[in-house]
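Reader: I am new to this structure and should be grateful for a close look at a single part of it. Please take one strand pairing as the point of departure and then set that part in its surroundings.

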Amino acid sequence: MGELFDTTTALDARVHMPTYARKPVMFVRGEGMRLYDDAGREYLDFIAGIGVVNLGHAHPAVTDAVCEQMSKLVHVSNLFYVEHRDELAERLIGLFGGGAKVFFANSGAEANEGAIKLARRYGKANGGESCTRIISAERSFHGRTLATLAATGQPSKQEAFEPLPSGFTHIPLNDIDALFAEMDQTVCAVLLEPIQGEGGVFECDPAYLSAVRTLCDERGVLLIFDEVQTGFFRTGTPFAWQGYGVKPDIMTLAKGMANGLPIGAVVAIDPVADAFRPGDHGSTFGGGPVVCAAALATIDALEAEHLGANAIAVGTYMREGLSALGVKTGAIIDVRGRGLMVGITLAEPIAARVASEALEHGIVALNVGDSVLRFLPPLVCNKAEVDTLLQTLSAALGSS
Ligand SMILES: Cc1ncc(COP(=O)(O)O)c(C=O)c1O
């Protein structure tokens with residue numbers, strides 16, 4: 001580590017609220033899959049921020065779009081028209097398949113807050129004053145604001161902040177009977193991640209998602225997909241639901257949308273979107289011209305570089321390699337995910353140790369709890385880089 005690292009860690013501990021347990025590395029530069037620390041050491045980034053820089057670090061098309069817009073206009077109120085905002089909304093609606101409208105926020109939690117408010121607004125208008133309850137899944141993650149924390153199905157994250165907003169019910173994932181039992185006239189929406197990310201990369205069964213869609217249609221309940229982590233080609237398709245063939249009424253987006261700049265979005269089918277009235281919802285920064293220019297450049301590059309196809313090919317290669325490593329070492333008992341959203345469960349509760357050993361060897365990976373490792377590399381990741389990951393893991397697991 002360099003001198004800059006030493007002064008930074010000391011200052012960091014003094015000036016920040018202790019909400020993050022940071023790792024002992026300071027990154028100063030990135031390019032594609034690679035990150036460089038303050039001493040010039042190179043790392044392969046297998047978490048892409050946390051599922052954010054889908055194009056890789058410092059993509060020139062995004063840099064150019066941002067610089068150009070920065071030099072013209074950074075901010076005016078949402079009460080005025082600006083460049084790029086409509087074009088980006090139209091682009092998202094096109095990727096969604098048409099017949100929808102967009103609200104721009106600044107993060108995943110904010111996008112989910114917007115979706116929750118919209119679902120309640122629509123629920124009350126169509127199902128009566130008590131039609132406000134939202135059902136989400138156990139082990140889900142939807143954000144850390146109070147309402148999105150209430151929607152999150154992880155009591156360990158919630159308890160210190162109770163009382164949380166009411167009107168949220170959690171059910172086990174992939175259990176259609178559990179959902180059926182909760183579906184009464186008070187339910188306005190079901191909120192699901194097609195693949196739970198922060199919880200450890202757990203997929204919805206395709207048959208379960210279809211059954212949820214059917215049940216929601218029968219009961220007039222909205223289906224919301226939180227695509228904050230699964231969106232923007234991470235699983236191969238623009239949004240994960242397209243890989244399941246189950247379309248939501250509302251989807252929320254953030255993370256990969258502008259390759260690292262803060263932006264989020266709520267996309268809702270027209271009849272639902274039109275439930276919002278002027279003044280119902282808003283954001284000072286949401287939909288600003290700089291982040292919208294960045295998002296357009298990001299989507300253009302994701303498509304032009306065929307990174308969805310790469311996510312499928314390299315993701316399959318990674319899962320096959322991890323499965324083979326599991327057979328060889330006996331140290332991996334489950335490998336799962338889609339595209340370049342990959343999770344493994346280790347036979348022993350050593351995930352934190354393996355992640356920190358990997359970091360020492362120049363691989364950035366993420367542990368979830370005691371036994372799960374999660375990989376979300378930039379979608380430019382190639383097979384040779386996966387081979388480096390597998391060699392590093394092999395050494396770390398072999399020494400357990
Ligand atoms: C599925 C999902 N929803 C919401 C969020 C919250 O996003 P943000 O941290 O941008 O508020 C996350 C973040 O990890 C997420 O993975």
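Author: In this predicted model, strand 10 (residues 222–226) runs parallel to strand 11 (residues 250–253), and three bridges connect the two. Within this pairing, F225 has M251 of strand 11 as its bridge partner. On its other pairing, strand 11 meets strand 12 (residues 264–269) in the antiparallel sense, this time over four bridges. Here M251 stands opposite V267 in strand 12. M251 is thus named in both pairings, as the partner of F225 and as the residue facing V267. In general terms, the strands of a sheet pair through backbone hydrogen bonds, in either a parallel or an antiparallel manner.

The side chains of strand 11 deserve attention next. I250 and T252 point one way, M251 and L253 point the other way, and all of them are buried. Such an arrangement accords with a general rule: in a regular strand the side chains alternate between the two faces of the sheet.

From these strands one may pass to the nonpolar core. The largest nonpolar core has 116 residues, and A119, V190, L222, A265 and V266 are those with the most contacts inside it. Helix 12 (residues 289–304) is the element that gives the most to this core, contributing eleven residues. The core also draws at least three residues from each of domain 1 (61–304) and domain 2 (306–400). A265 can be followed further: leaving aside neighbours within four places in sequence, A265 is in contact with L92, V102, F103, F104, A105, A111, L253 and M257. L253, one of these contacts of A265, is also one of the buried residues of strand 11.

The two domains themselves come from the domain assignment of the chain, which gives domain 1 as 61–304 and domain 2 as 306–400. Their centres, taken over C-alpha atoms, are separated by 28 Å. The contact between them takes 14 residues from domain 1 and 17 residues from domain 2. On the side of domain 1 that touches domain 2, the classes are five nonpolar, seven polar and two charged residues.

The ligand has its own surroundings. It is surrounded by 14 residues, of which S107, G108, A109, V228 and Q229 are the closest. Helix 5 (residues 108–127) supplies the largest share of this shell, namely three residues. By class, the shell comprises four nonpolar, seven polar and three charged residues.

Beyond helix 11 (270–273), in the loop that leads to helix 12, lies A275. Apart from neighbours within four places in sequence, A275 is in contact with L118, R121, Y122 and A125. A275 and K124 are 151 residues apart in sequence, yet their C-alpha atoms are 9.8 Å apart in space. A275 counts as partly exposed because 18 other C-beta atoms lie within 10 Å, whereas a buried residue would need 20 or more.

A second sheet offers a further view of strand pairing. It is an open sheet of four strands in the order 1-2-3-15, with mixed pairing. Strand 1 (27–31) and strand 15 stand at its edges with a single partner strand each, so one side of each is left without a neighbour in the sheet. Strand 2 (residues 34–37) and strand 3 (residues 42–45) pair in the antiparallel sense over three bridges. In this pairing Y36 stands opposite E42, while R34 has L44 as its bridge partner. Four residues lie between the strands of this hairpin, and G40 takes a positive phi near 85° there. Strand 3 runs parallel to strand 15 (residues 363–364), to which two bridges join it, and L44 stands opposite I363.

Some backbone details remain. As a general matter, most residues other than glycine have a negative phi, and most peptide bonds are trans. A58, which is not a glycine, has a positive phi of about 55°, and it is found in the loop between helix 2 (48–51) and helix 3 (60–72). R139 likewise has a positive phi, near 70°; R139 lies in the loop between strand 5 (133–137) and helix 6 (146–151). A cis peptide bond, with omega about 5°, joins E162 and P163, and P163 belongs to the loop between helix 7 (155–158) and strand 6 (168–171).

Technical notes:
Residues numbered from 1 in each chain as written. Predicted model: local features only at pLDDT ≥ 70, side-chain atom pairs only at ≥ 80, totals over all residues. Core = buried A, V, L, I, M, F, W, Y, C linked by C-beta atoms within 7 Å. Buried ≥ 20, exposed ≤ 12 C-beta atoms within 10 Å, placed from the backbone. Domains from an automatic or database assignment. Contact = placed C-beta atoms within 7 Å. Nonpolar A, V, L, I, M, F, W, Y, C, P; charged D, E, K, R; others polar. Near = placed C-beta within 6 Å. Pairing = 2+ DSSP bridges.
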